[in-house]
Amino acid sequence: MGEFEDPYGDENDSEEEIVETNDDEGMDIDNEEEAKHETYMPGKEMGENEVLVVDNTAYEMLHSMNVEWPCLSFDFLGDNLGVNRTTFPMTSYLVAGSQAEDQKNNQLYILKMSQMNKTKYDDDFEDDNSDDGLDDDPILEYKSVPHQGGINRVRVMPHPESHIVATWSETGNVNIFDITSAVKSFDVPGLMVNTKSIKPMYTVKSHGRAEGFALDWSKAEIGRLLSGDINKHIYLTNPTESSFNTDIQPFTGHQSSVEDLQWSPKEKCVFASCSADQTIKIWDTRAGKRHQLSVRAHESDVNVIHWNQTTDFLMASGADDGVFKIWDLRQNFGSNNTTAVASFKWHTAPITSIEFHPQDSSMLAVSGADNQLTLWDLSVERDVEEEKGINSDVQDIPPQLMFIHQGQEDIKEIHWHKQLTGVIGSTASDGFNIFKTINSQ
């Protein structure tokens, strides 16, 4: 069903960041003395004899993984292995949703990735004194739960003990699954679980046949779930003693499809939404079903938003025109003169995912349909004096742009791992990457 690709194999099959050129006809491309290397920047024209290869020295860890069907969405699962982990080998658990050709073949994938070691720089890399096990292959274990319809989005409920996940199905239903037993079976010897028999513990049917992508669990109050659809409706589902219950009346106010939802990291009753109507709205569940604040945030569809988890007055948004912005919710947000505190136009295609670092409020990860995953440090400011004399191509690069990760086709979603410090996961049409760059914290 799925497997890790060999991260130490043919380097031409991995991330595309370094251009290797062969300017002389008949030159041996493998001859290190003859081959010329230069850094590749997105948008640069490739020469006839140029190929892109990964520069493994830019990564502390880099692994690729394929599953049977592409996944539009995934989420990391919490574990009991500790927080702020930096040592190798690393272990991670995640859940992802498939987009199978036939609707009845869709699966909710539950994955354990272990023995993930540091990336070896080249064939001659040796570290005899290291206990990192560089020669050990990473291990992928998986279980799958049948799912009716393709999965547009998967979100894990924050919980210290259980593993509850919600899925947005293309059928119009939002399903809630308890996969706790399946996750435990990876690590408890003798525990056998028939994952084929796992059924939704609750289904939100209020959206009718309208599908959606917007989905978020509250971090301030366990069990509260928001779901938004292409018909402009947002529904709130609350936990009960034995199950869940969805409000009959939806939140209304958007004029087009609700694209993303985010609960406030600290306020139990406050959430934000974004829409193809180009707005971001702030809501309070105590004040009825109408929004409290609204801003025309972009000149095109607003695809994604993310609420900073440590500095709760900051929010990021990404739009269809490739622009992403940073908002300070204290600065007249909702008034006619609301402006973003920062705006960036680096990506050349729609922004598909955006997420602040879980511990560092100035770090941001962004992905686009231009096959780029970029890392940004918003605390960096442009230094005009230092830039004097620097080549104009470099001057065009925003000083806040720290890293460009490439090699995946059609990147759909990215997440920082909340327990593996500086580790990022991404899903695309050609599989998953999980990596840590040398400059990530």
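**A closer look at β19 and its surroundings**

Q: In this predicted model, which residue in β19 does V258 stand opposite?
A: Let's start with the strands involved. Strand β18 covers residues 258-263 and pairs with β19 in the antiparallel sense, over five bridges. A hairpin of six residues joins the two. Opposite V258 in β19 stands S275.

Q: Which residue in β20 is the bridge partner of F271?
A: Now turn to the pairing of β19 with β20, where β20 spans residues 279-284. These strands are antiparallel and share five bridges. The bridge partner of F271 is W283.

Q: Which residue in the hairpin of β19 and β20 takes a positive phi?
A: This hairpin has three residues between the strands. One of its residues has a phi near 75°. That residue is Q278.

Q: How many of the six residues of β19 are buried?
A: It helps to look at both faces of the strand. V270, A272 and C274 point one way, while F271, S273 and S275 point the other way, and all are buried. The strand is therefore largely enclosed by the rest of the structure. The count of buried residues in β19 is six of the six.

Q: Which strand supplies the largest share of the largest nonpolar core?
A: In soluble globular proteins, nonpolar side chains tend to be buried together. Here the largest nonpolar core has 21 residues, and those touching the most other members are M61, M90, L94, L111, M113, F432 and I434. Strands β5, β6, β7, β8 and β32 each supply at least two residues of this core. The largest share, four residues, comes from β8.

Q: How many residues make up the second, separate core?
A: Members of this second core include L77, I151, A182 and I198. It is separate from the largest core. Its number of residues is 16.

Q: Which strands stand at the edges of the open sheet β14-β15-β16-β17?
A: The four strands of this sheet pair in the antiparallel sense. One such pair is β14 with β15, over five bridges, where G212 stands opposite D229. An edge strand here has a single partner, so one side of it is left without a neighbour in the sheet. The edge strands are β14 (212-217) and β17 (244-246).

Q: How far apart do the end C-alpha atoms of residues 295-330 lie?
A: An unreviewed UniProt entry lists residues 295-330 under "repeat: WD", along with 251-293 and 344-386. In the model, the span 295-330 is 0% helix and 53% strand. Its end C-alpha atoms lie apart by 13 Å.

Key:
Residues numbered from 1 in each chain as written. Predicted model: local features only at pLDDT ≥ 70, side-chain atom pairs only at ≥ 80, totals over all residues. Heavy atoms only, no water. UniProt positions renumbered as here; feature names shortened; annotations may be inferred. Core = buried A, V, L, I, M, F, W, Y, C linked by side-chain atoms within 4.5 Å. Buried < 20%, exposed > 50% of the residue type's maximum accessible area, 1.4 Å probe, protein only. Pairing = 2+ DSSP bridges.
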